[in-house]
Amino acid sequence: MTSESKMQLVCLQDYEEHASQVLPPFVLDFYRGGADQEQTLRDNREAFKRWRLMPRVLRGVEHRLMATTALGYPVSAPIGIAPTAMQKMAHEMGELATAKAASDEGIVYVLSTVATSTIEEVSEAAPKGNNWFQLYIYKDRQVTVDMVRRAEQANFKALVVTVDTVILGRRLATERNELSDTGSSSSNNFVASLFDPSLTWKDISWLKSITKMPIVVKGILRPDDAELAVQHGVAAIAVSNHGGRQLDGVPATIDALPAIVKQVNGRCEVYVDGGITQGTDVFKALALGARMVFFGRPTLWGLAHSGEAGVVSIIRLLKKELDLAMALSGCSSVTDIDRSLVVHQSLFSNM
């Protein structure tokens, strides 16, 4: 065991630092990198700091419960694991370890299409898990249909359709490392051969017509797009900028969230991902109207540390920190977490 693995890791940043020491540089760059100059990647984290907590006191919080539901399924906490690609580069068990950890901890796990484990393997590893499947609508619709059928047969609970990747954004660190054997250009060409730039909202209607699985549309940043998603009958909207990996310069997701929540007005569930590094980030997102908060990269740091056990540790850390934030803000349940508990720093001086 290395000296790094013996470190006492007490927060998500500790796990990220450990991963930076043990993962090969090209793997670390692939996991950690963002698009172009990485403005959005940085701002996803920084934006949380601009939202300040306004705790209530003397509210009798000796009994606290963070359990809730997502698409009607019970979850132990309002957090879930976002889809991240090629997890076996972090640990030999990859997605199987992640799925087991999520199942054991009672939270949602979203399997990436670009995974190093199959839908069937994940289902076998976590047969009782609340497993969702992240889907791209490919040029070849039959490929898409086949993946949907496999997810249905494997008892996955929902489809998470990524809509911000009609073509692949530029990730400069990956290009420099030439992750594929013949360089990033061949990788981009391969992806371009699958993705369909001609996608429209009609394709969401088409997807609904071929499956009864609830559909989550992931990659919404504008209220008008959220309105269209609702009109097309989606079960949930995931406010997401692809972890800052697609179009650089778009808003941080926590800043985009309030307007989308207002537009949706309870007509479907609203989730958010991007930049989650601590339990107070989850708390702020819930206060701004998210029903569920998803995290991706921290899962990879947990995997890199100790596989399934590492992912369990990440989940438990976030639960512990969220519970602490709830107690210190006067909340006994997630339904107590409301908009009055956060204020943007730009408004703070006007209070």
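In this predicted model, the axes of helix α1 (residues 12-22) and helix α13 (residues 297-328) come within 10 Å and cross at roughly 180°, the axes being lines fitted to C-alpha atoms over the stretch in contact, with angles from 0 to 180 degrees between N-to-C directions. Because of that angle, α1 is roughly antiparallel to α13, a term for angles over 145 degrees. Helices here are DSSP runs (H or I, at least four residues), strands are runs of E (at least two), and both are numbered from the N terminus. Contact means heavy atoms within 4.5 Å; among the α1 residues that meet α13 are L12, Y15 and E16, and the α13 residues they face include P298, W301 and G302.

UniProt, in an unreviewed entry, lists Y136, R171, H242 and R245 under "binding site", an annotation that may be inferred rather than shown by experiment. Two of these positions are set out below, where buried means under 20% relative accessible area (1.4 Å probe, protein chains only).

| Residue | Loop between | Relative accessible area |
|---|---|---|
| Y136 | β6 (130-135) and α6 (141-153) | 9%, buried |
| R171 | β7 (158-162) and α7 (172-177) | 13%, buried |

Leaving aside neighbours within four places in sequence, Y136 is in contact with T113, V114, T144, T162, T165, F195 and H242, while R171, on the same basis, is in contact with G34, H242, R245 and Q246. The side chain of R171 also reaches the backbone oxygen of R245 at 2.8 Å.

Residues are numbered from 1 along each chain as its sequence is written, and side-chain values use heavy atoms, leaving out hydrogens and water. Local features need pLDDT of at least 70, side-chain atom pairs count only at pLDDT 80 or more, and totals for chains, interfaces and linings use all residues.

Terms used:
Buried means under 20% relative accessible area, exposed over 50%, partly exposed in between (1.4 Å probe, protein chains only). A polar contact is a pair of N or O atoms within 3.5 Å; within protein, one must be able to donate a hydrogen and the other to accept it, and residues adjacent in sequence count only if both atoms are side-chain atoms. Angles under 35 degrees count as roughly parallel, over 145 as roughly antiparallel, 65 to 115 as roughly perpendicular and the rest as oblique.
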